[in-house]
Amino acid sequence: MIKRFKLNKMRLALLVGLPVLFSACSDDEVEVIREVEVIVEVEVPAPVPVPVDVSYEVTVTNLTNSQPLSPAAVVLHADGHLFSVGAVPSVELEQMAEGGMNTGLLALGMASASGAGAIGPGGSETISVTIQDVTDAKLSVATMLVNTNDAFSGLDALDLSTFAVGDSWTATVGVYDAGTEVNSEAAGTMPGPADGGEGFNATRTDTGYVAMHPGVVTGDDELTNSVLTVQHKFDNPAVRIMVTRIE
Amino acid sequence: MNKLTKICAASALVFATSPVLAADVTLTIQNLTQGMYFTPIAAVAHTPDASLFEVGEEASSEIQEMAEGGSLAGLTTIATSIRADVLAEPTAGPLGPTESVSGSFMTADGNTVLSVVAMILPSNDGFIGLDNWTIPTEAGTYTLYLNAYDAGTEANDEIVGGGAPGTPGMPAPPFLTLGTGGSGVTAVSSNTNVHIHPGNIGDDDAVGGTSDVTNSIHRWLNPVAKVTVTVN
C-alpha cells in the first residue's frame, strides 16, 4: 500500500523584534524604526515515504528442438514498444537479434533484468524484476534464437496495470525476424553453437523492418551454403512466457 | 460497397482506436509476413448460417477463384445476394509484407459473424482465412491472428502459371520477383478440401530447380495476418 505524504507547509509568524535603531540627525531629533512583523514560510518535511517494491517473476521456456535462447531481456517501460511488426528495429533490438547482446535493451527500461545465461531447448529460467511504486508499467521480453541470423522471440508491451499481487498470465509466442540481416544461414554469420560465427553487425542487409519470421530453410532443405540442419527448424510458437506479480 | 483503405502500420494503431462515425465495426488487417503478399481482402459480416469456407470441406468455386487468382468477384456477388455487409476493394493493389489495411462498416441486423479472406502470393491456392467469428456485442478492441489455408483446389507445383481457376501454376503479377524454369514441386494436392497450408518449399535456383519461389523469402510460419476489430 502506498501512502503519499505532502510536505506540510507551516506558516510561522515570527515577530521579529528588531533593535530599535537610533540615528542621530543634524537637528537632534530621534527617528525610531518601528518593529516589523515578518512572515516566514518554513517547509517542514513529512516523514519520507518508503518506496514500495512491485515485483514480477517472468518464466521463459524454450519450446524449440535445437535453438538455444540468448539471455532473456526483461524490460519494464512506461510506454512505447520494444518491437512491433512493420516498424524499423532499434539498434538495441538489432544487437539482441543478431548477437544475443541484451545490454542495450535492458538500458531502455525504467527497470529491467537479464536472464543469467542461455536457455537451452526444453529449458526454462525464471527471472525476477522489481520496480518501485509503479504498477502500470509495460512488460517486454526479448531473446534471440541463436542458431539464426536475426531471429528473436518475446513479448512486446504487455500491460501490467491489471495485475494484482498473485496474478499470473501465460502465453506462447512466435518468432520474429529483425529484418536487419539477410537469412543466409551461411557459415560465419550466426553466433550460436551451430556456427560460432558473427553476432551483431551494424550494417543492415535485409528488409529493414520487423516481421514474423519465415523459418529457417536449412541445408537439409536445399538452401545452398546453409550450415543449419533439420535439427534447427522451429515453428510457432517457440517460447512460452509466464508472468506473475509476486509483490 | 465499402472500401478498405491501405494505411501504414504506424497509423493503423491510431486509426483502430479512433471512433468512426456511422460505423460500429472497424477492421485493421496487417500482413505479418516478411516476404509474402496478399491480394485485395474481402471482409464480410453475414448471418451465422452462411459460410465462406469450411476447413475440411471442399472449397466453393468462388473461394477457388479467390485462392487461385485473387478474384473477389464471385464472393462479393454471393455476399451481396445474402445481404451481407461487405468491406472490399477489389481493385486495390497488393498488401505487402507488414502493411496494413483498414476500413469500417455498420453491420446490418443479423449479420453477427465476420469472415475474412485474401489470396497469399506467391502460392498456388493459399489464402488467409477467418471463418464465422462472432462479432462481440460489447464495445472494445479485439485482436485475432489468422492462419494460411490451402484451398485444396490446385497442386502446389510452385511454378509460374496462371490465376484462372483450373489453370495450373501460380499467378505472377509484376511486383513479385519469381524464378523461372522450375520443374514443379508436386503435381497433386493430396487433400482436396480446405486445409491448413503446408507452406511453400521453394528453392534457391532462380532459373531452374523444382520451384519458382525463393526458399529464404517466400516461406511463412503461421500466423500470417493480424486482424484488429474495434466494436464501437
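Colleague: Why is A:Glu222 called partly exposed?

Modeller: In this predicted model, A:Glu222 has 17 other C-beta atoms within 10 Å. A residue is buried if 20 or more other C-beta atoms lie within 10 Å of its own, exposed if 12 or fewer, and partly exposed in between, with the C-beta atoms placed from the backbone. The count of 17 lies in between, and therefore A:Glu222 is partly exposed.

Colleague: What makes B:Glu158 buried or exposed?

Modeller: B:Glu158 has 28 other C-beta atoms within 10 Å, and this count meets the cut-off for a buried residue, so B:Glu158 is called buried.

Colleague: What is the phi of A:Glu222, and where does this residue lie?

Modeller: Although A:Glu222 is not a glycine, its phi is positive, at about 70°, and the residue lies in the loop between β13 and β14 of chain A. The strands are DSSP runs of E with at least two residues, numbered from the N terminus.

Colleague: What is the phi of B:Glu158, and where is B:Glu158 found?

Modeller: B:Glu158 is not a glycine, yet has a positive phi of about 60°, and B:Glu158 is found in the loop between β9 (140-150) and β10 (195-196) of chain B.

Colleague: How do you know where the residues and chains are counted from?

Modeller: Residues are numbered from 1 along each chain as its sequence is written, and chains are lettered from A in the order in which they are written. Because the model is predicted, local features need pLDDT of at least 70, side-chain atom pairs count only at pLDDT 80 or more, and totals for chains, interfaces and linings use all residues.

Conventions: Helices (H or I, at least four residues) and strands (E, at least two) are DSSP runs, numbered from the N terminus.
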